[in-house]
Amino acid sequence: MPTETELQLLFAELNNFYFNGETPVCRIRYNARFSNSAGRITYSTRPVLIELSAKHFRDHPEALRETLLHEMIHAWLYNRTGDTGHGADFRKKMAECGLTSIYHDLGNVKPFNESAKRYILRCEHCALEILRRRLPRAAMSCGRCSKQGYDPRFPLTLLEVTETRELGVTVPRAAFKSQR
Ligand SMILES: [Zn+2]
Ligand SMILES: [Zn+2]
């Protein structure tokens, strides 16, 4: 596993290559406590903090670069427009960076609170991605590719959302609205 100093160098390299150096300065560190997310970005700190799960990347070092890139897109986009989601702008940049899914595949890392998790169903055939709150109970096929009901030729791959983003402290809803 790279050291935190090596991660910072990787960040600089990716920033030059994919972002023309426009990603704001980020502090990158491992968080040993994460067991149900691969990465986290906290926008409320200066600099922005990107944390990566030590536990996860010890077992899946090959996924580190992609996860770091994913979090860097968040930092880059937030800096430009204040956007924190995975919308059209995020997906466009993601494609430029060669990433194929908005969600990270965490392999066999178990979530500690499964009820709070969300799931993704992805069609490998047409790249459709559907968000689900619960695990599907039955086999499902892609509604776009399957012409007549369930079709095992177009199965949906099950992914788990493994990223958390901290947006800052909670504020009363009224105060939040008046800021806009
Ligand atoms: Zn994300
Ligand atoms: Zn499909």
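# Exercises on a predicted model

Lys93 is buried, with a relative accessible area of 7%. The model is a predicted one. Keep Lys93 in mind as you start.

## Exercise 1. Lys93 and its helix

**Task.** Find the salt-bridge partner of Lys93, then work out which side of helix α4 is buried and which residues are exposed.

**Solution.**

Step 1. Look for the partner. The side chains of Lys93 and Glu96 meet in a salt bridge, 3.2 Å from N to O.

Step 2. Place the pair. Both residues lie in helix α4, three residues apart, which is about one turn of the helix.

Step 3. Recall the geometry. An α-helix has 3.6 residues a turn, so residues three or four places apart point the same way.

Step 4. Check the exposure of the partner. Glu96 has a relative accessible area of 45%. Buried means under 20% and exposed means over 50%, so Glu96 counts as partly exposed.

Step 5. List the buried residues of α4, which spans residues 88-96. They are Phe90, Lys93 and Met94. These three cover an arc of only 105° around the axis, which puts them on the same side of α4.

Step 6. Turn to the other side of α4. Ala88, Lys92 and Ala95 are exposed there.

Step 7. Ask what covers the buried residues. The cover includes α1 and α3 (64-81).

Step 8. Go past the end of the helix. Gly98 follows α4, and its phi is positive, near 80°.

## Exercise 2. Tyr18 and its surroundings

**Task.** Decide whether Tyr18 is buried or exposed, and find which residues Tyr18 contacts beyond its sequence neighbours.

**Solution.**

Step 1. Locate the residue. Tyr18 sits in helix α1, which covers residues 4-19.

Step 2. Read the accessibility. Tyr18 has 18% relative accessibility. The cut-off for buried is under 20%, so Tyr18 counts as buried.

Step 3. Leave out neighbours within four places in sequence. Tyr18 is then in contact with Arg65, Leu69, Lys93, Glu96 and Cys97. Two names here, Lys93 and Glu96, come from the salt bridge in Exercise 1.

Step 4. Look for a polar contact. The side chains of Tyr18 and Arg65 make one, at 3.0 Å.

Step 5. Compare sequence with space. Tyr18 and Met72 are 54 residues apart in sequence. From C-alpha to C-alpha, the two are 9.9 Å apart in space.

## Exercise 3. Glu51 and two arginines

**Task.** Find which arginines form salt bridges with Glu51, and say which strands these bridges tie together.

**Solution.**

Step 1. Start with the total. The structure holds seven salt bridges.

Step 2. Take Arg29. Its salt bridge with Glu51 has its closest N and O atoms 3.3 Å apart. Glu51 lies in strand β3 (residues 48-53) and Arg29 in strand β1 (residues 26-31), so the pair ties together parts that are 22 residues apart in sequence.

Step 3. Take Arg40. Its side chain meets that of Glu51 in a salt bridge of 2.9 Å, N to O. Arg40 belongs to strand β2 (residues 39-42) and Glu51 to β3, so this pair ties together parts that are 11 residues apart in sequence.

Step 4. Check the burial. Glu51 counts as buried at 2% relative accessibility. Arg40 is buried too. Arg29 is partly exposed, at 27% relative accessibility.

Step 5. Look for other partners. A polar contact of 3.0 Å joins the side chains of Glu51 and Asn31.

Step 6. Widen the view, leaving aside neighbours within four places in sequence. The contacts of Glu51 include Phe34, Ala38, Gly39 and Thr42.

## Exercise 4. The zinc site

**Task.** Identify which residues hold the donors of the zinc ion (ligand 2), and determine the geometry of the site.

**Solution.**

Step 1. Name the protein donors. They are the SG atoms of Cys123, Cys126, Cys142 and Cys145. These atoms lie 2.2 to 2.4 Å from the zinc ion.

Step 2. Use the angles. They run from 107 to 114° among the four donor atoms. Four donors count as tetrahedral if all angles lie between 85 and 135 degrees, so this site is tetrahedral.

Step 3. Read the spacing of the donor residues. In sequence the pattern is C-x2-C-x15-C-x2-C.

Step 4. Place two of the donors. Cys123 is in strand β4 (residues 119-123) and Cys145 is in the loop between β5 (129-132) and β6 (156-160), so the pair ties together parts that are 22 residues apart in sequence.

Step 5. Check their burial. Cys123 is buried at 1% relative accessibility. Cys145 is buried at 13%.

Terms used. Residues numbered from 1 in each chain as written. Chains lettered and ligands numbered in written order. Predicted model: local features only at pLDDT ≥ 70, side-chain atom pairs only at ≥ 80, totals over all residues. Heavy atoms only, no water. Helix = DSSP H or I, 4+ residues; strand = E, 2+ residues; numbered from the N terminus. Buried < 20%, exposed > 50% of the residue type's maximum accessible area, 1.4 Å probe, protein only. Contact = heavy atoms within 4.5 Å. Polar contact = N/O pair within 3.5 Å; in protein donor to acceptor, adjacent residues only side chain to side chain. Donors = N, O, S within 2.8 Å, 3.2 Å for Na, K, Ca; no water. Tetrahedral: all angles 85-135°; square planar, octahedral: opposite > 155°, others 65-115°. Arc of directions from axis to C-beta. Salt bridge = Lys/Arg side-chain N within 4 Å of Asp/Glu carboxyl O.
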